[in-house]
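Have your viewer ready, and let's take a short walk through this structure. Each stop suggests something to select and tells you what is there.

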Amino acid sequence: MLVHSRGARWAVWAVFLVLFLPLFALPLLVVLGASFATHWSSVLPSGLTTAHYEAATRGEALQALTTSLVTATTASLLALATGTWAALAAAALKRRHRKALDALFVLPLAVPSVVVGLATLVAFSQPPMLLNGTRWIVIIAHSVLVTAFAHQSVSAALARLDPAYEQAAASLGATPAYVLWRVKLPLLLPSLTAAAGLCFALSMGELSATMMLYPPDWTPLPVLIYAATDRGALFTGSAVAVVLMTATLLVLLAVSRIRTRASYR
Amino acid sequence: MAVLALVFLYPLALVVRQSFQPDTGGTSLEPYTDVFASSAFREALWTTVWLAVAATAGCLVLGFVLALVIAFVPFPGARAVSRFIDVFLSFPSFLITLALLFIYGTVGMANGAWTDLTGADQGPFQFLTTPWGVLLAEITYFTPFVMRPLLAAFSQLDPGQLEAASSLGARAPRIVRRIILPEALPALAAGGSLVLVLCLNEFGIVLFTGAKGVTTLPTLVYGKAILESDYPGACVVAVVNVLISVGLYGLYRVVSRRAGA
């Protein structure tokens, strides 16, 4: 306990609340409040309505929600597969090669996502791979962006794995494929699901690369929110944003349930 | 490995190649000289750098104070707050700007309260479309990125040290300065450089404020490529942006490895 007197402790807590509430809690509450309102020109929103939600769960917005969900799921699965594969492969390499591979895989973290979008656009708008205007270009860009996170968390978990398990399995006559499937992957499952949740959340909220790439028939939710706020429909935009947050949180919750069940096994 | 090369390195290489190819054809340094000569580019570069540095400084101070309170002056609900910060990280950045529009926008909460109270027809909060609005949004969004490593570092600090110091008569500011700050420096450095890189690359926040006067390098890339269809110019800006942030990210890796050692 750093501060002993009661008065000083209350003062510190008051400062904390003054800093914390307006900065972090207020934005989320405000978006939530605005999504139910039709006017907001004084302290509290007025004209309470659920019409924005009716608009946000129908037609264009519903399509955007499914688009986002499909994109995020596909991108996270792809990123998880390549990230895990690379982490497993890197673990088998020599130290110097492993470092080079690690550096290569975290590079997408440092490169601005707008540039990743631009690069994907430039590369896939010309032969041999003509993907511009299809949904695949968005999915590819998302996978590239989140692969770095998947790779990082899987390779961190791999480094903490006790090699005695796989050595024991191998000494009992298990083939490498069997060791991978029955020993390594089950042990890695908690970190795999955590990585999947992270990738999913990132891909759901990804705006910058998507803005560079999205074809008219494949608009994810963030782009729709931007379009709504850009033409002044702030309240509809915030209702769609609440839908986006809720969808992300629900999926994260589901993923964390998988994790707890796996760690009991 | 081959997959990554195909979908990531190959496109990047094409960007670099295109940055040397002006619309007239051939290979030259012309796009570079054009872009470097334009005042829009220099302004964007300057805005990007000072916004990122200022936001990082703000995040470090704010994150340090908040993490200090959560870790060492715990109150009921402190655990819930740190859980809340984890959730905060998984939301997209533009939500913050959206919320700030409601709070400080021209007809938002703060201005509305002011006009109700004083009867003036305009509120005092008109900073949202200036760089200060972007700065506020970036500090809000990125502070949790500093707080997470800090909280992790604080949880490894031996409370016995603090108790020994305070039983020897050291007051709270002195304990913070002499014991907690040295212990937290690696975490601060790692979190700070991560935030610096992320701020340099931030796009959603700047786009959502709709601030015409605020152009950073990522929005310049977007504007040049999509709105003006000037691909060589966009590629030049992209190359510059990549060089800055990859350089800084390399620094971050070095710093955080040293912190881990």
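Leaving aside neighbours within four places in sequence, which residues is Leu150(B) in contact with? Select Leu150(B) in this predicted model, and then add its contacts: Gly63(B), Phe64(B), Ala67(B), Ala184(B), Ala187(B), Leu188(B) and Gly191(B).

Next, widen the view to the largest nonpolar core, which has 147 residues. Leu150(B) is among the members that touch the most others, along with Leu118(A), Cys199(A), Val240(A) and Val221(B). For the largest share of this core, select helix α3 of chain B, residues 39–72, which contributes 14 residues.

While α3(B) is selected, try colouring chain B by confidence. The highest mean pLDDT in chain B belongs to α3(B), at 82, and the lowest to helix α1(B), residues 2–18, at 61. Where pLDDT is low, the predicted coordinates should not be read in detail. Chain B as a whole averages 73, with 70% of its residues scoring at least 70.

Now move to helix α12 of chain B, residues 231–260, and pick out Ala234(B) there. Is Ala234(B) buried or exposed? Ala234(B) is buried, because 29 other C-beta atoms lie within 10 Å, and 20 are enough to count as buried. Beyond its neighbours within four places in sequence, Ala234(B) is in contact with Val221(B), Lys224(B) and Ala225(B), and also with Leu118(A). You met Leu118(A) and Val221(B) in the core.

For a last stop, draw a distance from Ala234(B) to Leu98(B): the C-alpha atoms are 27 Å apart, across 136 residues of sequence. For the complex, the predictor gives an ipTM of 0.72 and a pTM of 0.76.

Conventions:
Residues numbered from 1 in each chain as written. Chains lettered and ligands numbered in written order. Predicted model: local features only at pLDDT ≥ 70, side-chain atom pairs only at ≥ 80, totals over all residues. Helix = DSSP H or I, 4+ residues; strand = E, 2+ residues; numbered from the N terminus. Buried ≥ 20, exposed ≤ 12 C-beta atoms within 10 Å, placed from the backbone. Contact = placed C-beta atoms within 7 Å. Core = buried A, V, L, I, M, F, W, Y, C linked by C-beta atoms within 7 Å. pLDDT = per-residue confidence, 0-100.
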